[in-house]
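New to this one? Take a look at the sequence and the fold below, and then we'll walk through the main features together.

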Amino acid sequence: MCQHQPACPTADSADREAARLVAHHPEQGWSLLCNGVLLFEDTGELLPDGQIIAPHRTPAAAAVTAAA
């Protein structure tokens with residue numbers, strides 16, 4: 001999918017979230033990366049093969065959210 005040089009990380013690599021944005025819809029809470037990953041604002045992901053990655057917020061971000 002990716003035509004960038006250097007190429008973006010693939011959907012199955014650990015750093016897949018570093019791929020470039022293709023579409024961004026903050027009003028709907030999701031973004032599409034050039035490697036085919038759908039990234040949701042809660043940090044969950046849907047990979048091109050249908051695999052679901054559960055939200056993975058950092059403990060510090062969770063503490064800030066809980067305090068608010």
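Here is a quick tour of the sheet, the core, the cysteines and a few residues worth finding. Keep in mind that this is a predicted model. The backbone centres on an open sheet of five strands, ordered β1-β2-β3-β4-β5, with antiparallel pairing. Alongside that sheet, there is a largest nonpolar core of eight residues and one salt bridge in the whole structure.

**The sheet**

- The strands at the edges are β1 and β5 (52–53), and each of them pairs on one side only.
- β1 and β2 run antiparallel and are joined by four bridges; here Ala-23 sits opposite Leu-32 in β2.
- On its way to β3, β2 pairs again in the antiparallel sense, this time over three bridges with β3 (residues 38–40).
- Leu-32 also stands opposite Leu-38 in β3, while Ser-31 has Leu-39 in β3 as its bridge partner.
- The two faces of β2 look like this: Ser-31 and Leu-33 are on the covered face, and Trp-30 and Leu-32 are on the uncovered one.

**The turns**

- β1 and β2 make a hairpin with four residues between them, and Gly-29 in that turn has a positive phi of about 85 degrees.
- β2 and β3 make a hairpin too, with four residues between them; in this turn Gly-36 has a positive phi of about 90 degrees.
- Gly-29 lies in the loop between β1 and β2 (30–33), and it counts as buried because its relative accessibility is 11%, under the 20% cut-off.
- What does Gly-29 touch, beyond its neighbours within four places in sequence? Its contacts there are Leu-39, Phe-40 and Glu-41.
- The C-alpha atoms of Gly-29 and Asp-42 are 8.0 Å apart, with their positions 13 residues apart along the chain.

**The core and its cysteines**

- The largest nonpolar core is made up of Cys-8, Ala-11, Ala-19, Leu-33, Cys-34, Val-37, Leu-47 and Ile-53.
- As a rule, nonpolar side chains in soluble globular proteins tend to be buried together.
- Looking past residues up to four places away in sequence, Ile-53 touches Arg-16, Gly-44, Glu-45 and Leu-47.
- How many disulfides does a search of the whole structure find? The count is zero.
- Cys-8 is in no disulfide, and its nearest cysteine sulfur, from Cys-34, is 3.3 Å away; that pair misses out because a disulfide needs the sulfur atoms within 2.5 Å.
- Seen from the other side, Cys-34 is in no disulfide either, with the sulfur of Cys-8 at 3.3 Å.
- Cys-8 is buried at a relative accessible area of 13%, and Cys-34 is buried as well, at 8% relative accessibility.

**Charged and polar pairs**

- The side chains of Arg-16 and Glu-45 form a salt bridge, at 2.6 Å from N to O.
- That pair links distant parts of the chain, 29 residues apart: Arg-16 belongs to the segment before β1 (21–25), and Glu-45 to strand β4 (residues 45–46).
- Are Arg-16 and Glu-45 buried or exposed? Both are buried.
- In general, side chains of opposite charge can pair when their charged atoms come close.
- Ser-13 is found in the segment before β1, and its side chain makes a polar contact with the side chain of Asp-15 at 3.1 Å.
- Ser-13 counts as buried because its relative accessibility is 19%, and the cut-off is under 20%.

Definitions and conventions
Residues are numbered from 1 along each chain as its sequence is written. This is a predicted model: local features need pLDDT of at least 70, side-chain atom pairs count only at pLDDT 80 or more; totals for chains, interfaces and linings use all residues. Side-chain values use heavy atoms; hydrogens and water are left out. A nonpolar core is a set of buried Ala, Val, Leu, Ile, Met, Phe, Trp, Tyr and Cys residues joined through side-chain atoms within 4.5 Å. Buried means under 20% relative accessible area, exposed over 50%, partly exposed in between (1.4 Å probe, protein chains only). Contact means heavy atoms within 4.5 Å. A salt bridge is a side-chain nitrogen of Lys or Arg within 4 Å of a carboxyl oxygen of Asp or Glu. Two strands pair if DSSP finds at least two bridges between them. A polar contact is a pair of N or O atoms within 3.5 Å; within protein, one must be able to donate a hydrogen and the other to accept it, and residues adjacent in sequence count only if both atoms are side-chain atoms.
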